[in-house]
Number of protein chains: 2
Amino acid sequence: MATWLLVAYGSLAPSATAQELRFFDIRDFRLESGSTLPVARVAYATLGTLNADRSNAIVLPSHYAADHKGYDYLIGDGKTLDPKRYFLILTNLFANGVSSSPSNTTRPLDGPRFPAITLRDNVRAQHELLRTKLGVTRVKAVVGFSMGGQQAYQWAASHPELVENIAVICGNAKQYPFGVVRLQGSIAALKADGEFRGGNYTVAPTRGLRAFAIHYRGWALAPGAWPRDQFDRLGPAELSQFLDGLEEGFTSLDANNLLSQAETWKRHDISHTPGQARRIEQTLATLKAKVLLMPCESDQYFPLADAEFEAKHIRAVTLAPIKSVMGHTAGGGNDPTATQFINTQLRTLLEPPPAPTP
Amino acid sequence: MATWLLVAYGSLAPSATAQELRFFDIRDFRLESGSTLPVARVAYATLGTLNADRSNAIVLPSHYAADHKGYDYLIGDGKTLDPKRYFLILTNLFANGVSSSPSNTTRPLDGPRFPAITLRDNVRAQHELLRTKLGVTRVKAVVGFSMGGQQAYQWAASHPELVENIAVICGNAKQYPFGVVRLQGSIAALKADGEFRGGNYTVAPTRGLRAFAIHYRGWALAPGAWPRDQFDRLGPAELSQFLDGLEEGFTSLDANNLLSQAETWKRHDISHTPGQARRIEQTLATLKAKVLLMPCESDQYFPLADAEFEAKHIRAVTLAPIKSVMGHTAGGGNDPTATQFINTQLRTLLEPPPAPTP
């Protein structure tokens, strides 16, 4: 299958930046839901070194069904996030199968019994990691794609005193109703498989995982990414094989992990941050960090109009839409021109040109 | 549930125009696939009367999961398709459960054994009905929404000598790859249900049908149709109930019927009409009918760009995009302003103002 079909769904290829995975455990981690994880494990990696004045830390939270290896398109020589300059902290989302997840938590919180997680829970655990383990007291930036961008927003809302900049690439400040309905479609497709058994499956619900995957294929790329004559030279058997191929990609992943992350996604709303009045416009207006919003004009997950709406309410904002026909995946490294644009915008955020002397 | 959530999925309410259903049977109907239906039944209704010079017949082919009652928003007093003026022929798509379908065909062609059907098969059967039963020798217009619009295009391609006008509302001349992938998502969601058993279900695959329904909910309406604060005043239980409600709507329908119609949809391509060279641009250029294209600017099934592409290749075309945030459903009567626009455009097509005398 073509690489461009996979890119938005996690780091299925080895990472070019080859970070070493580390683990940070928090005992008795109380979740926003009221449940407690006896051990909340945040899997993470770092690149580069914290400088003397502790001013170069950048957090990159992982996106849906991905892990800490998902940001290679922004990291390294010739890209903006150069480990020689920045201390990069790459975190794994709870329930992604590497940090604490349904698949790796022991009874009685395993599988479908794994408690509901919010992005605020994730950000609080990441903050603990930075504070107690990594000695980070200022965050130069939080940079994230998709659910990573949602975490960037949450960082700015939860820690206004700490975060200087955020870059939200194809993300949003709240999962709006349309997005909830879209996610619900994928959730229902997976759960339709009789083998799912309320999450207590004994064999993987493969049909459901395949239905989940093809659901994502339709949404992840914009119509313009599919050439109108793409299937013209395929016979019926070849077309069928191609469509079958589109159902691959999630079958190796754990169903409960995917569902738990989807529920986290559905619950995202920075206006529910303690102290906020549950009015998204008001919460956006309280953000102190400089905000770089990079929606993609053809994104079917996070419509451009939502970013335009959010930008209107943020004090210090740059709205820089990505021009691409690759839909959501354009923000995840799937379009070389878009990747270059994102790197350039990110550089301007992190290293603004000096103001001209009068 | 709100009516606007249902409108695109067939006529779940009684028809305001209350047509009497009739049946037209064709013996030994050979399909494009090579299979033969011993009896191909076209269920249809008519409104109005064929005039003396047989110049007022208008065909309205049903759309996906709908039936002959799906065009009330265009028919009657104050609307363009007035039965006092026109002879309206409302046809049911094969596999919709009323015309010949998996659910009503006897062994050995019942259920999953029902043969693959193309829109050309449908149009050929409709043509037989008009020719041999209704005495229609000229077609003033074929007017259709969604798969109905696809049939309008196919009528123009199959019977260039017969069809004077077509109006394609949120439809296309070919199911382009993006649309195939989207349909495949719904198909996989339904089939994920273990109860489906390759179409040989003994109880309805309800989980699959519900997953199919919520898949459609996400696509049928554009993001702008979902107010950003729509869920803000719902508690978790209410939200869950709302989302459950979105899974209703297809559970009373037959799974094999839905899948058969989806396969028909996937196969749509007027450039495969006998005599055509399987190049969509060329086939569009051969159309003789006047074509009114009414895509909706926010349609996620049939993107505006595809209609713009098609319009470029048609000789006599009016491209009149519908302005609406209601997505695909705007073309199906779900947006009063759009409905008025469609009626007006249709009137201009059917009753063009006289050319000014010099």
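Which helices do the buried residues of α6(A) pack against? Hi everyone, that is where I'd like to start today.

First, some ground rules. This is a predicted model, so to speak of local features we need pLDDT of at least 70, side-chain atom pairs count only at pLDDT 80 or more, and totals for chains, interfaces and linings use all residues. Residues are numbered from 1 along each chain as its sequence is written, chains are lettered from A and ligands numbered from 1 in the order in which they are written, and side-chain values use heavy atoms, with hydrogens and water left out.

Back to the opening question. The buried residues of α6(A) pack against α1 (119-133), α2 (147-158), α3 (177-191) and α4 (206-220) of chain A, together with α5 (236-245) of chain B. By contact I mean heavy atoms within 4.5 Å. Helices here are DSSP runs of H or I with at least four residues, strands are E runs of at least two, and both are numbered from the N terminus.

The helix α6 itself covers residues 255-267 of chain A, 13 residues in total. From its first C-alpha to its last it reaches 19 Å, close to the 18 Å expected at 1.5 Å a residue; the expected span is 1.5 Å times one less than the number of residues. Of those 13 residues, 11 are buried, so α6(A) is largely enclosed by the rest of the structure. Buried means under 20% relative accessible area, exposed means over 50%, and partly exposed is in between, using a 1.4 Å probe and protein chains only. Among the buried ones are Leu258(A), Leu259(A), Trp265(A) and Lys266(A). At the N-terminal end, Asp254(A) acts as a cap, with a side-chain oxygen 3.2 Å from the backbone nitrogen of Asn256(A).

Trp265(A) leads us to a neighbour, Gln150(A), since the two are in contact. Gln150(A) sits in helix α2 of chain A, and it is buried, with a relative accessible area of 0%. What do the side chains of Gln150(A) and Asn172(A) share? A polar contact of 2.8 Å joins them, and another, of 3.5 Å, joins Gln150(A) to the side chain of Gln175(A). For the rule-minded: a polar contact is a pair of N or O atoms within 3.5 Å; within protein, one must be able to donate a hydrogen and the other to accept it, and residues adjacent in sequence count only if both atoms are side-chain atoms. Leaving aside neighbours within four places in sequence, the contacts of Gln150(A) also include Leu119(A), His268(A) and Phe302(A).

Now to the interface. Here 40 residues of chain A are in contact with 40 residues of chain B. The area buried between the two chains is about 3,200 Å², and carbon and sulfur atoms give 69% of that. Buried area is the accessible area, with a 1.4 Å probe, that two parts lose on being put together, summed over both. On the chain A side, Pro177(A), Val181(A) and Arg228(A) lose the most area to chain B, together 22% of what that side buries.

How many salt bridges does the rule find across this interface? It finds 4, where a salt bridge is a side-chain nitrogen of Lys or Arg within 4 Å of a carboxyl oxygen of Asp or Glu. Lys174(B) and Asp232(A) form a salt bridge through their side chains, at 2.6 Å from N to O. The rule also finds 11 residue pairs in polar contact across the interface, both residues being at pLDDT 80 or more. α3, α4 and α8 (304-313) of chain A each supply at least two residues of the side touching chain B, and the largest share, 9 residues, comes from α3(A).

A quick word on cysteines. The structure holds 0 disulfides over all chains, a disulfide being a pair of cysteine sulfur atoms within 2.5 Å. Cys296(A) is in none, and the nearest cysteine sulfur, that of Cys170(A), is 5.4 Å away. Cys296(A) is buried too, at 0% relative accessible area.

Finally, some backbone geometry. A cis peptide bond joins Arg107(A) and Pro108(A), with omega about 5 degrees, and Pro108(A) lies in the loop between β4 (87-91) and α1. In chain B, Arg107(B) and Pro108(B) are also joined by a cis peptide bond, with omega about 10 degrees. Ser146(B), not a glycine, has a positive phi of about 60 degrees and is buried at 3% relative accessibility. Arg278(B) has a positive phi as well, near 60 degrees, but counts as exposed at 54%.

Thanks, everyone!
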